[in-house]
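Work through the exercises below with the structure open. Try each task before you read its solution.

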Amino acid sequence: MKFGKMKPQRRNRLMIVGLVVLSAGAAVSLALTALNENINLFYSPEQIVRGEAPRNTLIRAGGMVVENSVKRSTTDLQVSFLVSDMAASEVMISYVGILPDLFREGQGVIARGVLNDQNVLIAEEVLAKHDETYMPPEIMQTLAESKAKAEKNGTSL
Amino acid sequence: MIAELGHFSLILALGLGVCLAVLPSIGVYRRHEGLMRLAGSLSAGLFVFLLISFSCLAYAFWDDDFSVAYVARNSNSALPLQFKLSAIWGAHEGSFLLWTLIMGGWTFAVSVFSGGLSVDMRARVLAIMGALSIGFMLFILLTSNPFDRILPVFPADGADLNPLLQDFGLIVHPPMLYMGYVGFAVPFAFAIATLTTGRLDAAWARWSRPWTNVAWAFLTVGITLGSWWAYYELGWGGWWFWDAVENASFMPWLIGTALIHSLAATEKRGVFKSWTVLLAIFAFSFSLLGAFLVRSGVLTSVHAFAVDPERGMFILAFLVLVIGGSLTLYAIKVSGIKSEAGFDWTARETMILANNLLLVTAAGAVLLGTLYPLIYEALTDGKKISVGPPYFNAVFVPLMLLLFAIMAVSPASRWKKTPRETLRRQFPALIGSLIVVASLVLAFATEVSVAVILIDTLALWIVANLVRDLWSKVANKVAKLPALFQQTMSYYGMLLGHLGIAVTIAGVCTTVYYTEEKDLRMAAGDVAELAGYEFRLNAMRQIKGPNYVADQGEVEVFQEGRSVVKLYPEKRFYAVSKNVMTEADIDPTLFRDLFVALGEPVGDDAWAVRIHYKPFVRWIWFGGLLIALGGFCTVLDRRYRAVKRSRQAAVTLGVAA
Amino acid sequence: MSSLNKSLLIPLGIFIVLVVILAGGFGLKDPHFLPSQLIDQQFPDFALSELNDPSRELTADDMRGQVALVNVWATWCPNCLVEHPELLRISRDEGVPLYGINYNDDPFKARQWLVRHNNPFQFNIVDNKGKLGIELGVYGAPETFIVDANGVIRYRHVGPVSRRTWEETLGPIIELLETNPDGIKG
């Protein structure tokens, strides 16, 4: 961008360039800080069972909802269920609220929440994918990895 | 037969598109006026054959022709007629055909309403639009043909339309959105055409402005409808999720908003010429990027179409060709162009510049947040993250607050230099707004929030200064009332647009801070209290719709013992697609919505029930519609109709690249 | 119009970075590029019942002897309906045995589905717990595997089978395997 040719305009131009640089810098640092504080890492059930996931930070976890593992409270909307990587690892997720329409046993879900000391994920949000044909990529990868490991170890599922 | 006819028409349209891209270009190159003039009729032909093609697909849906794979996947004989027709754009293939049809429509419109353009310029613009439509049509024919048959054995009935999409919102939301996305192809084509002439004057800004405003207004309507649809149809009571697909429509809107302001400066004052061209390229690029994000499956989202690598590769290649090509052309051709006019820091130009910086930064921040999961995954060898709404809010809100402050003082500003006195006069209203908003909040709100007072004060300040500005235009007239109606349509458009923003700000801020919601376990007879209302679940019953069965609750709402309304939220089960859908019921009024949705049965005849009290939530969409109305208004401005043909013709005639 | 102003190349530079990110993200997500550890490995062992004849137990041995297509499908999968006509055509015209794995499904619904849409499969393995699917590394339905005469998985296709899939990939691979069983790898 070019502004002006006269002297006062040149001063103006300098001011504007300075302003642009300053505000761009501010915006970028603001964005990066906000980004660092607000990314939620995904952990597979196996990582959580092994204690690799941090406590007291918001994380995401997911897998297939284990059949017959959904337990509801009889007094309020508390619900808990197990998610599995379909290999050895299962994680309990506890949630208070309304589950999404596509939540079903045997389907993939992702929950966002905080791990407590008993390795239970206290979820503030539970998501199920709208398209039934494919699973969320995180879960796909988890299942694929647990499969690969099972093969390597020679254990069958 | 009809599907084949549709397919064949599309191929013919492709042929015409190739002619449109090539013949007028040869005409321009060899200064052959006959070839240049072909652009008009070729555009018409392109549009007509696309329309035939689209109508054929519509017919296949209307006729329940399940031998057409696309129809079989997205329709069902039990589907009500209006949804059969809107199912045309319910999935990838058909929606892209609609996108292409709209591209044809815009091309045709440009050819019709381009009387003021020189033959040469018109040929260039239409040829570029033709070239773009070639890309879109090839994409359909090669990767996403909606006319493919399942033969010889085809299903007796279709798999049904996704129930989320069986709704009025879906009938209108995508066409509006696409009108906006594709509409940005027009200023893009003008910008590129101007670049190819090598003469980057202010004329192209004058030509592009009405087109840009209309496209932008359509996009505004589309986004507003999308937000409204998400609110009542997804059943969570949210109206914006910073979902990747929402972002994909929001980024072009932000850039488009910057563009319509920057075009004004370029047209009126000849400043920011190269920047405006860049914005025009960006606006359309972001539209294409949006298409890529939604259709390639590169990002997961509730809205995303099914994953198909072939399609993703095609769009990516198209992106590289179109955006890379235009940015290269830009770099080559813009070198050495200087703006002549200088301006004071108080000038309207400065404010528009600030507006542009803030909006582009905001779009950049949204882009960063949307793509960050991809970047992170690549950098950390496959670690998956998501970027949540807190990021977007943290970055977006401060930028917008700055923008709103500038917005409040800008209507009174003048080109070149604003008298200090005029600027100073804008601030008393700020104090007044603060007093009014603070007392309103103290009087009515359950709790006092500084953020609400601050933001709503900004909104009221914007409105107050708009009123003052309008008044200043009539104050010294003898006949004040008629003068009120004698301003230019552009001016009314600006008033409406800015008023709409203020209304939306007030709605967003008040809703965010004062919404009350509860998720409850309720059985028939249970009563829940929320925000001074009592919600009583009277009964649950089963009902049957045309293609679903549903559990329906009757929730009666009382205020101070008086019955206010009965709401009927439903949990629908669509038999064919085996989908469960939450159908919320809402009691809307101007100042508050009562929202009730059913969760799932939780045993002992009890249901999970979600109730919301959402003050001012309507204002969000009402404001959005005002903004769009403002955009449409500007087109009616007399200046755009009385185009001085001869002079403009002289500007560009005979200038070949 | 003198020399090129370098700063004008900034937008282009940003765009190129963007394309790299998009293309990269795209490669990671593309299901066709998913590694399949099972290519050139024995089809996993299983012992599951047949869909229409629950008393009959099927094992991997039932698939040996001939190059065959194994299709993973379910009634909840819309794309299975899409590919179904092509499967019917293949089983009728191509002379390749087609075996089904009814994946994560309700056997009763699956039987009804086959009655309604016709049955192209020589037999159907009931995998209603999804275990075989997981051993196969199946991510969703439909998926189709080519298994050679010795029961070794030779190819995996994700997504619906179309006429084009048959003509360009499945058909040629099967032909090759039939004429020259050891001639190809991977």
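The exercises that follow deal with a predicted model.

**Exercise 1. Describe the make-up of chain A.**

Task: State how many helices and strands chain A has, and in what order they run.

Solution.
- Step 1. Count the elements. Chain A contains 3 helices and 7 strands.
- Step 2. Read from the N terminus. The order is α-β-α-β-β-β-β-β-β-α.
- Step 3. Turn to burial. Of the 157 residues in chain A, 38% are buried.
- Step 4. Look at the contacts with a separation of 6 or more. In chain A, 51% of these join residues 24 or more positions apart.

**Exercise 2. Compare the two domains of chain B.**

Task: Find the bounds of domain 1 and domain 2 of chain B, and describe where they touch.

Solution.
- Step 1. Set the bounds. In chain B, domain 1 covers 1-161 and domain 2 covers 516-616.
- Step 2. Take the distance. The C-alpha centres of these two domains of chain B are 43 Å apart.
- Step 3. Count the residues in contact. Domain 1 of chain B supplies 6 and domain 2 of chain B supplies 5.
- Step 4. Sort the domain 1 side by class. It has 4 nonpolar, 1 polar and 1 charged residues.

**Exercise 3. Classify a helix pair from its angle.**

Task: Are helices H2(B) and H5(B) roughly parallel or roughly antiparallel?

Solution.
- Step 1. Locate the helices. H2 of chain B spans residues 33-62, and H5 of chain B spans residues 92-112.
- Step 2. Read the geometry. The axes of H2(B) and H5(B) come within 8 Å and cross at roughly 155 degrees.
- Step 3. Apply the cut-off. Angles over 145 degrees count as roughly antiparallel. H2(B) and H5(B) are therefore roughly antiparallel.
- Step 4. Give the hand. The crossing of H2(B) and H5(B) is left-handed.
- Step 5. Pick out residues. Those of H2(B) in the contact include B:Ala39, B:Gly40 and B:Phe47. Those of H5(B) include B:Gly94, B:Leu97 and B:Gly104.
- Step 6. Sort by class. The contact of H2(B) with H5(B) has 12 nonpolar, 9 polar and no charged residues.

**Exercise 4. Repeat the method on two further pairs.**

Task: Classify H14(B) with H17(B), then H7(B) with H9(B).

Solution.
- Step 1. Take H14 (residues 389-409) and H17 (residues 450-474) of chain B. Their axes are 8 Å apart, at an angle of about 20 degrees.
- Step 2. Apply the cut-off. Angles under 35 degrees count as roughly parallel, so H14(B) is roughly parallel to H17(B).
- Step 3. Give the hand. H14(B) passes H17(B) in a left-handed crossing.
- Step 4. Name the partners. B:Leu458, B:Trp461, B:Ile462 and B:Asn465 of H17(B) meet residues of H14(B), among them B:Leu401 and B:Phe404. By class, this contact has 9 nonpolar, 1 polar and no charged residues.
- Step 5. Move to H7 (residues 168-183) of chain B. H7(B) packs against H9(B) at about 150 degrees, with the axes 7 Å apart.
- Step 6. Classify. H7(B) and H9(B) are therefore roughly antiparallel. The crossing of H7(B) and H9(B) is left-handed.
- Step 7. Sort by class. The contact of H7(B) with H9(B) has 16 nonpolar, 6 polar and 1 charged residues.

**Exercise 5. Place one residue.**

Task: Where does B:Ala202 lie, and which residues is B:Ala202 in contact with?

Solution.
- Step 1. Find the loop. B:Ala202 lies between helix H8 (185-197) and helix H9 (203-233) of chain B.
- Step 2. Judge exposure. B:Ala202 has 18 other C-beta atoms within 10 Å, so B:Ala202 is partly exposed.
- Step 3. List contacts. Leaving aside neighbours within four places in sequence, B:Ala202 is in contact with B:Thr266, B:Glu267 and B:Gly270.

How values were computed
Residues are numbered from 1 along each chain as its sequence is written. Chains are lettered from A and ligands numbered from 1 in the order in which they are written. This is a predicted model: local features need pLDDT of at least 70, side-chain atom pairs count only at pLDDT 80 or more; totals for chains, interfaces and linings use all residues. Helices (H or I, at least four residues) and strands (E, at least two) are DSSP runs, numbered from the N terminus. A residue is buried if 20 or more other C-beta atoms lie within 10 Å of its own, exposed if 12 or fewer, and partly exposed in between; C-beta atoms are placed from the backbone. Two residues are in contact if their C-beta atoms, placed from the backbone, lie within 7 Å. Domain bounds come from an automatic or database domain assignment. Ala, Val, Leu, Ile, Met, Phe, Trp, Tyr, Cys and Pro count as nonpolar, Asp, Glu, Lys and Arg as charged, and the others, Gly among them, as polar. Axes are lines fitted to C-alpha atoms, for helices over the stretch in contact, and angles run from 0 to 180 degrees between N-to-C directions. Angles under 35 degrees count as roughly parallel, over 145 as roughly antiparallel, 65 to 115 as roughly perpendicular and the rest as oblique. A crossing is left-handed if the near helix is turned anticlockwise from the far one by less than a right angle, and right-handed if clockwise.
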